[in-house]
Amino acid sequence: MNLFWSNGTCWYICCRRLSNTADIPVWRLDSSASYTTKSFYAQINWGGVEVPNRYLVFVRLVIHNKILTRDNLSKRKVVEDLSCLFCSEPESVNHLLCGCIVAEHTLQSVSEVFDLSAPNCVSDLACLWDCDNKKRISCIVAVATLWSLWTTRNDICFQGASWKDTRIVLGKISSYFING
Ligand SMILES: [Zn+2]
């Protein structure tokens with residue numbers, strides 16, 4: 001087994017002989033070889049991960065309804081299409097980040113993985129998932145989730161990215177933990 005550091009995280013590499021048997025996932029951070037939330041928390045906290053301040057600024061804007069969703073943008077100028085880019089309902093901060101079917105599925109998946117209560121609105125998310133303590137896992141998860149939903153929406157809006165399913169958002173959340 002070899003260890004190496006990348007982006008502040010210690011990774012384990014194992015050398016094994018190739019065989020014709022089907023691959024199976026193995027969680028190396030727990031002696032049971034199965035995923036446990038406790039082992040994941042220990043890995044993240046051990047690496048000293050914390051939320052960079054620039055993301056906390058974004059969360060403050062979200063909590064105070066200041067990000068430029070289409071309803072907020074329409075207060076400044078004429079916006080012809082006020083609908084959400086993921087569904088046909090009107091886009092607002094609360095809709096995009098909690099009420100939208102995409103947000104609901106994402107939050108449900110993330111809350112199950114990290115054993116957190118599923119929030120009903122952005123304020124719930126900020127409180128239940130503790131957006132004030134930038135070293136707590138619940139804060140890191142909350143920020144990663146909000147940021148990933150927002151940037152996925154922006155990729156569709158400004159980059160012409162096509163929408164497939166929530167795996168796009170979940171992939172961004174995973175990237176957040178790897179790349180920060
Ligand atoms: Zn929507």
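The questions and answers below concern a predicted model of a single chain.

User: How many helices and strands does the chain have, and in what order do the elements run?
Analyst: In this predicted model, the chain has eight helices and two strands. Read from the N terminus, the order of the elements is β-β-α-α-α-α-α-α-α-α.

User: Which helix gives the most residues to the largest nonpolar core?
Analyst: The largest nonpolar core holds 33 residues, and those that touch the most other members are Leu 97, Ala 103, Ala 142, Val 143 and Leu 146. At least two residues of this core come from each of α2, α4 (93-99), α5, α6, α7 (137-159) and α8 (167-179). The helix that gives the most, with ten residues, is α7.

User: Leaving aside neighbours within four places in sequence, which residues is Leu 146 in contact with?
Analyst: Leu 146 is one of the core residues that touch the most other members. Once its neighbours within four places in sequence are left aside, the residues in contact with Leu 146 are Val 59, Val 62 and Leu 97.

User: What distance separates the end C-alpha atoms of α5, and what span should its 13 residues have?
Analyst: The expected span follows from a rise of 1.5 Å a residue, which for the 13 residues of α5 should give 18 Å. The computed distance between the end C-alpha atoms agrees with that expectation, because it is also 18 Å.

User: Within what arc do the buried residues of α5 fall, seen down its axis?
Analyst: The buried residues of α5 are Val 102, Ala 103, Thr 106, Leu 107 and Val 110. An α-helix has 3.6 residues a turn, so residues three or four places apart point the same way. Exposed residues, namely Ile 101, Gln 108 and Glu 112, are found on the other side of α5. The buried residues of α5 line one face of the helix, because seen down the axis they fall within an arc of 120°.

User: Is Asp 115, which has a positive phi, buried or exposed?
Analyst: Most residues other than glycine have a negative phi. Asp 115, which is not a glycine, nevertheless has a positive phi of about 55°, and its place is in the loop between α5 (101-113) and α6 (122-128). Since a residue with 12 or fewer C-beta neighbours within 10 Å is classed as exposed, and Asp 115 has 12 inside 10 Å, Asp 115 counts as exposed.

User: Where is Asn 65, and what is its phi?
Analyst: Asn 65 lies in the loop between α2 (53-63) and α3 (70-73). Asn 65 is partly exposed, because 13 other C-beta atoms lie within 10 Å. Although Asn 65 is not a glycine, its phi is positive, at about 55°.

Conventions
Residues numbered from 1 in each chain as written. Predicted model: local features only at pLDDT ≥ 70, side-chain atom pairs only at ≥ 80, totals over all residues. Helix = DSSP H or I, 4+ residues; strand = E, 2+ residues; numbered from the N terminus. Buried ≥ 20, exposed ≤ 12 C-beta atoms within 10 Å, placed from the backbone. Core = buried A, V, L, I, M, F, W, Y, C linked by C-beta atoms within 7 Å. Contact = placed C-beta atoms within 7 Å. Expected span 1.5 Å × (residues − 1). Arc of directions from axis to C-beta.
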